[in-house]
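User: I should like to go through this model by way of a few questions. Please reason through each answer before giving the result.

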Amino acid sequence: MQASKIEGISVVRISRIDQRIYSLLTNHGQIELSVHARFNSSICTFGFEEFVTILNKNKHLLPMSIVIDGEINDLISGSKELLLLSESADADLIVDSGTEVVDLRLYPMQTGSVVKDLDGIREFLLENGNEDSFFPYLVQLSRLGFSGTDDKNHSDVHAFFVERMAAFVAGLENGDLESTPSILGFGRGLTPSSDDFILGLYCVLIFMNSANILELTRYIERYKDQTTEVSSWMLHYVTYHDLVPEFVKDFFEKGCDANNLVRFLEHGSTSGIDLLCGIYYGLKTSG
C-alpha cells in the first residue's frame, strides 16, 4: 500500500539515518510513517510499531531518527497523514547513495579519557546549569563535589523531589530499586529533566558494563508509563537497544573536550545539561 500524500508536501532527501531504521528499510523495502505530532524542528511518527523522529537539517541524530536535507517546514505545510520512506524516487522521504548511515549503539568500553575529565564536566555544569535544569537537584547529592554551591531557597516541590532522588540514589547504590518510588516524569518538556538524568546515567552503566544496569532497566520498565510518550520511547531505545543520541556516543568514544561538551547545550532547552548531570553522577560514583 502506498502512503497517502500529505497536502502541501515536498519530496525531501534524507541526509543522515539511524542504522536501525536503515536495517528496517533494507528488510522491508519501504517504511510507512504515520505522523503522530509535529513541532518546529521535528516530526514524531510511527512505523512498524517503532517511534521514528524526523529532524531538521544540522540537528544531532537521535535514536530511531532521520535528519532531512532541509527544514521541517519544507516537508509539511498542511494536514498530516502518512509519509513514505524509501529509496524510490517517488517516495516522500528519499534515502540515496549519499545518505549517511550512523550506528548509534553505545558499546561497553574500558575506562577511557572521559573519566579523567570529571573536573572539566563539573566546571561546565557549574557554568551552564540553571534553575530550569536538573542541576539544582544534582548539587544536593553528596560525594559529587558541589558542596557550598547551592545557597538558594527552594520550593516544597523541590524538597519533595530531593527526597525521591535520595531514595533512588540509595537504592541504586545498594543494587535494589524494587521498593524505590519513581523519579520519572519530573520536569518540563517532551523529555522531562529526571528522565534525561536517568538516560545519562544509563549510558554510563553501559559504558562501564555495570552490574547495576539490570536493576535500572527493571526500574525504568516499572515506571515508564509515568512519563511522556517521547521520553518513554527514548528510554526504551537505550534500555533494549543501547541506542543513544549521537553527541552522547561521541562524548564517550572521543572524550570530554570543549567541542563535545558544547554539543550538550545544543540539545533541547535543558535536555543536554540534564543528560550531562546523569553522566557526571554515574562517572563520579562508579569510579
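User: In which helix is L201 found?

Analyst: The model is a predicted one. Within this model, L201 is found in helix α7.

User: Is L201 buried or exposed?

Analyst: A residue counts as buried under 20% relative accessible area. L201 has 1% relative accessibility, and therefore it counts as buried.

User: What distance separates the C-alpha atoms of L201 and L276?

Analyst: Along the chain, L201 and L276 are 75 residues apart. In space, their C-alpha atoms are separated by 8.6 Å.

User: Which elements give two or more residues to the lining of the largest pocket, and how is that lining divided by class?

Analyst: The largest pocket holds about 770 Å³ of space, and 30 residues line it, with L190, T191, H267, G268 and S271 nearest its centre. Two or more lining residues come from each of β3 (42-47), β4 (50-55), α7 (193-207), α9 (229-241) and α12 (271-286). By class, the lining has 10 nonpolar, 14 polar and six charged residues.

User: Which side chain of opposite charge is nearest to D18?

Analyst: D18 lies in strand β1, which spans residues 12-18. Although buried, D18 has no salt bridge. A salt bridge requires a separation within 4 Å. The nearest side chain of opposite charge is 6.7 Å away and belongs to R20.

User: Which residue has its backbone nitrogen 2.6 Å from a polar atom of the D18 side chain?

Analyst: A polar contact is a pair of N or O atoms within 3.5 Å. At 2.6 Å from a polar atom of the D18 side chain lies the backbone nitrogen of M64.

Key: Residues are numbered from 1 along each chain as its sequence is written. This is a predicted model: local features need pLDDT of at least 70, side-chain atom pairs count only at pLDDT 80 or more; totals for chains, interfaces and linings use all residues. Side-chain values use heavy atoms; hydrogens and water are left out. On a 1 Å grid over the protein atoms alone, a cavity is a set of points where a 1.4 Å probe fits but cannot get out, and a pocket is an open set with protein on both sides within 12 Å along at least five of seven lines; lining residues have an atom within 4 Å of a point. Grid points are joined across faces, edges and corners, and a volume is the space filled by probe spheres set on the points. Helices (H or I, at least four residues) and strands (E, at least two) are DSSP runs, numbered from the N terminus. Ala, Val, Leu, Ile, Met, Phe, Trp, Tyr, Cys and Pro count as nonpolar, Asp, Glu, Lys and Arg as charged, and the others, Gly among them, as polar. Buried means under 20% relative accessible area, exposed over 50%, partly exposed in between (1.4 Å probe, protein chains only). Lys and Arg count as positive and Asp and Glu as negative; His and the chain ends are not counted. A polar contact is a pair of N or O atoms within 3.5 Å; within protein, one must be able to donate a hydrogen and the other to accept it, and residues adjacent in sequence count only if both atoms are side-chain atoms.
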